[in-house]
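Biologist: I should like to understand how the descriptive words used for a protein model are justified. Please set each word against its definition.

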Amino acid sequence: MENITSVILKHGKARDKLLDIIREVHSPKGHIPPEAVREIARHLNLSEIDVQGVVSFYHFFSSSPRGAYAVYLNNAITSVMAGRAAVAQAFEKAAGCRFGETTPDGRIGLFDTSCIGMNDQEPAAVINGVIFTRLTPEKAAELVEGMKAGRSVEDMVEALGDGANQSDLVRAMVQNNIRVKGPVLFGPFTPGSAVRKAAEMTPEQVIEEIKKANLLGRGGAGFPTGLKWEFCRKEQGPRRYVVCNADEGEPGTFKDRVILTELPRLLFEGMAVAGYAAGAMEGILYLRSEYSYLKAHLEAVLDELRKDNILGKSIAGRKGFDFDIVIKTGAGAYICGEESALLQSAEGKRGEPRDRPPFPVQVGYMGLPTTVNNVETLCAAAQIIVQGGAWFKSMGTVTSAGTKLLSVSGDCERPGIYEITYGMTVRELLDLVGAADTQAVQVGGPSGCCISRTGFDRKICFADLATGGSIIVFGPNRDIFDIVRNFLEFFVEESCGWCVPCRAGNVLLLKMFEKIVAGMGTAEDLKNIEEWGRLVKALSRCGLGQTSPNPILSTLENFRPLYEAKIRKDTGFAPDFDLTAAAQEACEASDRTFCEETHHG
């Protein structure tokens with residue numbers, strides 16, 4: 001209990017540090033016991049229900065022991081395609097427990113987890129915060145052997161990845177897999193140049209330059225960045241904030257991982273430019289828990305920037321240009337990629353979306369005006385200030401200026417990171433990544449659109465196929481229904497549960513889908529699943545439920561013959577429960593013959 005108190009006191013008993021406090025208490029024990037919940041609640045003047053509610057919300061927190069070594073194996077579709085089942089079986093065989101369980105001695109726990117941002121090097125797992133990629137059944141058995149011998153997970157990392165992954169502060173086996181470097185993200189950049197150039201301008205001039213560039217948010221929604229900064233600046237409040245959303249959780253997306261690893265100075269300068277423009281003095285980098293292995297590396301870069309006066313007081317010699325950045329780490333919740341849920345989480349609460357309006361630029365972090373921007377957006381903004389808005393707008397299409405960073409995975413020869421110019425067709429991209437005889441492409445992750453060959457001439461841009469960056473390629477032998485099922489199960493798992501259309505609707509959609517795939521559906525079921533999909537989209541409170549039916553709706557649109565082939569055309573109604581089959585075992589045990597009750601003729 002003394003240690004718990006010291007952790008709480010170290011964080012100043014601050015409510016917005018609740019996730020940090022829980023994480024530090026959780027780490028050595030592998031869970032949060034009831035006495036720790038009571039102690040935290042007492043010191044922070046919260047109810048125990050408040051603290052327990054936060055613990056239960058996040059995937060990487062637990063009230064029950066999860067083992068001295070907690071293995072979280074990615075179950076996203078790209079991991080499944082790369083042989084996850086055999087790896088999972090090897091973990092279970094070597095450890096002696098099933099997924100979802102902990103070994104009797106409490107040493108090893110095995111758990112499923114959704115995408116961890118390693119889709120280009122699957123199957124991958126997080127073990128006590130350390131990333132292991134390209135797992136095989138043999139490697140899984142070796143890891144379990146090391147855990148049983150008491151080795152540290154850091155020592156079990158073998159070959160390190162490339163670039164900054166090899167640095168002493170990262171030491172990760174993660175590969176960047178940068179395939180194509182474009183002129184914006186990976187273009188020439190002199191450290192300090194963006195902030196110093198901004199300091200020569202007025203905040204209003206900075207905003208006008210971003211507007212001139214027509215920089216739209218790279219998270220997928222595409223809201224004009226200059227306009228967002230302007231709205232934030234005009235809001236009244238004692239303070240304003242810049243929050244960088246580094247919680248990319250869309251399965252198939254890993255571009256932010258590479259930016260955070262290789263381009264953190266560009267990102268932090270973009271945040272400082274945003275702070276100057278919006279009139280904010282504080283910035284927050286909200287880092288997804290799966291990328292916490294990069295935190296020490298990022299903190300070191302922040303220290304360098306402070307020494308160079310790129311962060312701090314009177315930045316670049318401009319009086320009144322004061323700005324600094326702190327890092328807050330999530331704890332495993334896809335919904336925290338939604339900006340208002342992210343703000344809730346940053347305040348130490350359950351990451352549940354807020355009602356809008358008011359929007360974050362009006363009432364954001366701690367109730368104050370806040371601009372929330374995507375990692376890639378802020379990097380692009382830094383380059384725009386250096387190179388000019390006209391330079392940026394000269395690339396791309398009329399409505400989608402500049403370049404887009406894509407993370408490509410699945411059935412292709414060269415998975416990885418590609419910085420392309422907006423307007424590239426899917427067909428051109430498939431040629432670039434070495435994909436042949438492709439059956440389908442998932443653009444924008446599960447919440448995006450699954451297109452068939454007839455759509456391969458469509459363009460990647462806001463006016464056609466908008467995407468946050470996830471591109472998953474599916475070859476000719478992949479089962480479209482396996483893909484859709486994986487995506488639907490993901491949304492069922494990740495719904496925060498706040499609103500009924502999302503909480504219950506996604507479960508119902510999954511059940512209706514399973515009925516059709518099992519050959520028990522009818523034409524009426526196809527009609528119903530489309531209608532339910534549209535209802536969930538229309539009535540859900542936030543972006544998760546507003547997009548979660550897309551795997552069904554987009555495959556119904558582009559792969560309808562597959563669904564048509566599954567349904568029964570000889571009847572207008574078919575039950576999804578087989579009473580005869582369900583009673584079969586009991587009939588055999590009692591040596592009786594099942595006789596369905598019918599009306600007298």
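The conversation below takes a few descriptive terms in turn.

Modeller: This is a predicted model, in which local features need pLDDT of at least 70 and side-chain atom pairs count only at pLDDT 80 or more, while totals for chains, interfaces and linings use all residues. Residues are numbered from 1 along each chain as its sequence is written, and side-chain values use heavy atoms, with hydrogens and water left out.

Biologist: What makes the chain as compact as a globular protein of its length?

Modeller: The secondary structure comes to 24 helices and 15 strands; these are DSSP runs, numbered from the N terminus, with helices (H or I) of at least four residues and strands (E) of at least two. The radius of gyration, taken over C-alpha atoms, is compared with a globule rule of 2.2 Å times the number of residues to the power 0.38. The chain has a radius of gyration of 25 Å, close to the 25 Å that the rule gives for 601 residues, so the chain is as compact as a globular protein of that length.

Biologist: Why is Leu539 called exposed?

Modeller: A residue is buried under 20% relative accessible area, exposed over 50%, and partly exposed in between, with a 1.4 Å probe and protein chains only. Leu539 has a relative accessible area of 54%, and therefore counts as exposed. Leu539 is found in helix α20.

Biologist: Why is Met366 called partly exposed, and what is Asp591 called?

Modeller: Met366 has 44% relative accessibility, which lies between the two limits, so Met366 is partly exposed. Asp591, at 73%, is over the upper limit and is therefore exposed. Met366 lies in the loop between α14 and β10, and Asp591 in the segment after α24 (579-589). Phi is positive in both non-glycine residues: near 55 degrees for Met366 and about 55 degrees for Asp591.

Biologist: Which residues form the nonpolar patch on the surface, and what makes a patch?

Modeller: Patch residues have over 30% relative accessible area and no salt bridge; like charges are joined within 9 Å and nonpolar side chains (Val, Leu, Ile, Met, Phe, Trp, Tyr) within 5 Å. A salt bridge is a side-chain nitrogen of Lys or Arg within 4 Å of a carboxyl oxygen of Asp or Glu. Leu508, Trp532, Leu535 and Leu539 form the patch, with about 370 Å² of accessible area together. Helix α20 (residues 523-539) supplies the largest share, three residues.

Biologist: Why is the pair of Tyr334 and Phe490 called edge-to-face?

Modeller: Rings of Phe, Tyr and Trp (its six-membered ring) pair if their centres lie within 6.5 Å; planes under 30 degrees apart are stacked, over 60 edge-to-face, and the rest tilted. The centres of Tyr334 and Phe490 are 4.8 Å apart and the planes differ by 70 degrees, so the pair is edge-to-face. Tyr334 lies in the loop between β9 (324-329) and α14 (339-346) and Phe490 in helix α18 (residues 480-494), so the pair ties together parts that are 156 residues apart in sequence. Both residues are buried. Phe490 also pairs edge-to-face with Phe491, at 5.2 Å and 65 degrees.

Biologist: How do you know that Arg541 lies over the face of Trp498?

Modeller: A charge sits over a ring if NZ of Lys or CZ of Arg is within 6 Å of the ring centre and within 35 degrees of the ring normal. Arg541 lies over the face of Trp498 at 3.5 Å from the ring centre. The charged end of Arg84 likewise sits over the ring of Phe99, 5.4 Å from its centre.

Methods. Areas by Shrake-Rupley, 256 points an atom, 1.4 Å probe, with all protein chains shown as cover.
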